[in-house]
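Got the viewer open? Let's take a walk through this protein, one selection at a time.

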Amino acid sequence: MIQKLLFLPLLLLMAGLPAVTQELDTIGIFPDTLRITNLDQLVRRNVYLDSSKVYFFHNNFETAGPGFIEEIDTLLTNVENYDPPTRPGQYYATLGNPGLATVSMVYDPVIKSGFDFGIRSYDKYIFHNDSIHHYWVGRPYTHLFFIQGAKKEQNLLVDHSQNVSSWFNVGLKFRYVNSPGYYQNQEADAKNFVFKTRFQTKNYRYMVLANYIHNKLRLEENGGIVYDTVFEENVSPDRRGIIVNLYNANNTYKENSYYVKQLFKLTKRHRFRTDDTTTHQASLFDKLNPGNISYSVLYSDKTYLYQQPTGDNNGFYPFTYDSINDTYDSTHIVTLENQFAWTNGDNAKKQLFTFNFMLRHIQTRLSVDSNNNTYSQLIPTAQVRFQVSDVLTLGFFGDFVTGNANAGDFNLVAKLALTTKFGTLKYELHNASQEVGRIYSFYHSNHFRWQNNFSKQYFLINKARISYKSFTAGFNLYAVENFVYFDGMGLPDQLNSNLQLLQLHARKGFRLGNFGIDLRAIYQKASNVDGIRVPEIIADGSFYYTKDLFK
């Protein structure tokens, strides 16, 4: 199988070999200000950059201002941490094999407006629409990554982007993970694919971003080993001989999504380049900058499927409602989301005042076993940012949910960023009221069934962080009312008391010639350890040697 998969990336790699340098000016639609320090003056007319430097932006770039573009890290530091949950700063509890379900050991709630099913276990191994990289390249770019590990583990990544013309870009990204695992019935097989394209008119007033995402995970479930002492005493060095709870159960996750965003600039006078010397008469539009309007549509089709033959009905699950037929638990989610937005954001320069207004309509059809429900939500959203001075920025965000589900949910966020000679200080205050994920309220399967009427969760979150050179430190303080969680029996429950959690974190990097040291530490303290189970202290460090091999 892997030989066939390698054929495509080799062709793409050959297409990217001529990319010795990148003439980034050939694209001509982006500003000269990059998010990377000291690169502000590099991207000028007739300036060539090394092809090892590749830049990208996300689908909300028009609202991000001059710092919308980022440089890809091409260093080999931490290349050994290729598994997403083991990347630097990522701390996840796993099931012992790449590709299987994970859960973060650092509390960081996902507060999402609109319909949310509530499953996060596979997020590290699927592609997400909002995190797709749209590349800024002058010539074909190809990234090929392959690792073969123990027990025939295979990891393949192909990422390619190129300009068909000065106004049309296409790209694709493919990731394949297959790992049989050390124990019986522990194999993980994950395939992810995204095709993306970008089109803009020659006068840059109209742009289209589009992508198609396919995620498919097939994960065997063994329910863990039956006797812990076999592992603790290392009775059998061959883990395949250890008895597990389930021998033929498996989970399947499948997703297909389609996304199209159209963006239209309201003025003929474009501001994509700060070095544009074209003379023109000053007008009211130059002062008001009516900005851009955009319309996007996202269609996604997701399926969760758990299969288990009757031979695995051995008492592992407390309940088995149908012991005669094989278990076939299916959950199907179809979502259609339309969004209309207006922003005066300018990617070529900083502005005293920037706004972004959005109106989203989300239509979701949820099928759990034979239960079908349709949810419709209308979500107005507003975001403003004030560049008070060169050192002080204020930002505010708010949304409100209406419709036949999650009605009354809201998000209110205030942010402050202050740059001084002692470093950059950032503070965030987040206040939100959110209905719990749908899986906590209702679920119907062969082993788990419940129907709950939980109260909304209320969040008050304070975050502060200071950064100075290679040192970063800060704190997060969470206060959660009506906290919802899964208990030790795998059933959803809600705390009657408020939950408070304090996080302190710090990171420091050292460079001694060609040697480097990177140290991280996190401290967490929760007021209720029954509702939330996280380690109190997490720390890790890395020591490495680095040296440039090529100019």
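A nonpolar core is a set of buried Ala, Val, Leu, Ile, Met, Phe, Trp, Tyr and Cys residues joined through side-chain atoms within 4.5 Å. Keep in mind as you click around that this is a predicted model.

**Stop one: the core.** Select Phe 117, Tyr 122, Leu 217 and Leu 366: these have the most contacts inside the largest nonpolar core, which has 26 residues. Now colour strand E11 (188–200), strand E12 (206–221), strand E16 (353–368) and helix H4 (438–441), since each of them supplies at least two residues of this core.

Zoom in on Leu 366. Which residues does Leu 366 touch, leaving out those up to four places away in sequence? Among them are Phe 115, Phe 117, Ile 333, Tyr 375 and Arg 438.

There's also a second, separate core to find: it has 14 residues, including Tyr 107, Ala 432, Ile 461 and Val 480.

**Stop two: a nonpolar patch on the surface.** In soluble globular proteins, nonpolar side chains tend to be buried together. Now select Leu 352, Phe 353, Phe 386, Val 388 and Phe 396, which make a nonpolar surface patch of about 460 Å². Phe 396 sits in strand E18 (residues 392–400), and it counts as partly exposed because its relative accessibility is 40%.

**Stop three: a little sheet.** Show strands E4, E3 and E7: in that order, these 3 strands form an open antiparallel sheet. Strand E4 (70–71) and strand E7 (134–136) are at the edges with a single partner strand each, so one side of each has no neighbour in the sheet. Finish on strand E3 (residues 55–57), which pairs with E4 over 2 bridges; pick Tyr 55 and you'll find its bridge partner, Glu 71, in E4.

Key. Residues numbered from 1 in each chain as written. Predicted model: local features only at pLDDT ≥ 70, side-chain atom pairs only at ≥ 80, totals over all residues. Heavy atoms only, no water. Patch = residues over 30% accessible without salt bridge, like charges linked within 9 Å, V, L, I, M, F, W, Y side chains within 5 Å. Areas by Shrake-Rupley, 256 points an atom, 1.4 Å probe, with all protein chains shown as cover. Salt bridge = Lys/Arg side-chain N within 4 Å of Asp/Glu carboxyl O. Helix = DSSP H or I, 4+ residues; strand = E, 2+ residues; numbered from the N terminus. Buried < 20%, exposed > 50% of the residue type's maximum accessible area, 1.4 Å probe, protein only. Contact = heavy atoms within 4.5 Å. Pairing = 2+ DSSP bridges.
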